[in-house]
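Reader: I should like to discuss the structure below, beginning with its aromatic residues. Please reason through each answer.

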Amino acid sequence: MKKTGSFVLIGSILFLAYILQYILNIRWTILYDLQLNENYKRWSGAFVSAFILFQWILTFTRISKKLRMYAIQFTYIHKWIGILSPIFFYLHAMEFGYGYLALLSYIFFINMILGTINLDIIKSTKNWIFQSWMITHVALSFFITFLVLFHIGVVFYYK
């Protein structure tokens, strides 16, 4: 199987597994109980936040002249980490949440799917498709980052 096919297959399976566990209310009891613990929630949240911040490294490798030579390698790492993100999300939260947390969850998974169905899959040479895809993916990433920072602020403000 080609690398591109692997990304789509693994990303799709992990996304669908998360959605199914949520819809069918399948709970890994030990993990669910851990997620009720404030200490666990904060450390797993720190991990998810670090993952999100790490994903921004690809942007810096593309815009920095000194780091540009690493952009192709980082694109590969970025894709793998992106398709594994439902696992990271699951370890932090088995549910979507309410209000802004639901919005964060939905946008997180929409962006994950958008990243999985990337330009290697679309295979279009039309510049407007590339630009539309990239603008959408980056805009959603900014919004996710903002909501994560807002979430961190709310968590620590009310504790």
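**Aromatic pairs, a helix and the core**

Reader: Is tryptophan 56 buried or exposed?

Author: The model is predicted. The relative accessible area of tryptophan 56 is 14%. Buried means under 20%, so tryptophan 56 counts as buried.

Reader: How are the rings of tryptophan 56 and phenylalanine 142 arranged: stacked, edge-to-face or tilted?

Author: The ring centres of tryptophan 56 and phenylalanine 142 lie 4.7 Å apart. Stacked planes are under 30 degrees apart and edge-to-face planes over 60. The planes here stand at 50°, so the pair is tilted.

Reader: How many residues apart are the two partners in the chain?

Author: Tryptophan 56 sits in the loop between helix H3 (38-55) and helix H4 (57-63). Phenylalanine 142 belongs to helix H8 (residues 127-157). The pair thus links distant parts of the chain, with a separation of 86 residues.

Reader: What distance between its end C-alpha atoms does helix H5 (residues 71-92) show against the expected span?

Author: Helix H5 has 22 residues and, at 1.5 Å a residue, should span 32 Å. A kink of about 45° lies at leucine 84, shortly before proline 86. The end C-alpha atoms of H5 are nevertheless in agreement with the expected span, at 29 Å.

Reader: Which helix supplies the largest share of the largest nonpolar core?

Author: This core has 22 residues, and Tyr18, Phe51, Ile52, Phe108, Phe109 and Ile144 touch the most other members. Helix H1 (3-23), H3, H5, helix H6 (100-116) and H8 each supply at least two residues. The largest share, five residues, comes from H6.

Definitions and conventions. Residues are numbered from 1 along each chain as its sequence is written. This is a predicted model: local features need pLDDT of at least 70, side-chain atom pairs count only at pLDDT 80 or more; totals for chains, interfaces and linings use all residues. Side-chain values use heavy atoms; hydrogens and water are left out. Rings of Phe, Tyr and Trp (its six-membered ring) pair if their centres lie within 6.5 Å; planes under 30 degrees apart count as stacked, over 60 as edge-to-face and the rest as tilted. Helices (H or I, at least four residues) and strands (E, at least two) are DSSP runs, numbered from the N terminus. Buried means under 20% relative accessible area, exposed over 50%, partly exposed in between (1.4 Å probe, protein chains only). The expected span of a helix is 1.5 Å times one less than its number of residues. The bend at a residue is the angle between axes fitted to the seven residues ending there and the seven starting there. A nonpolar core is a set of buried Ala, Val, Leu, Ile, Met, Phe, Trp, Tyr and Cys residues joined through side-chain atoms within 4.5 Å.
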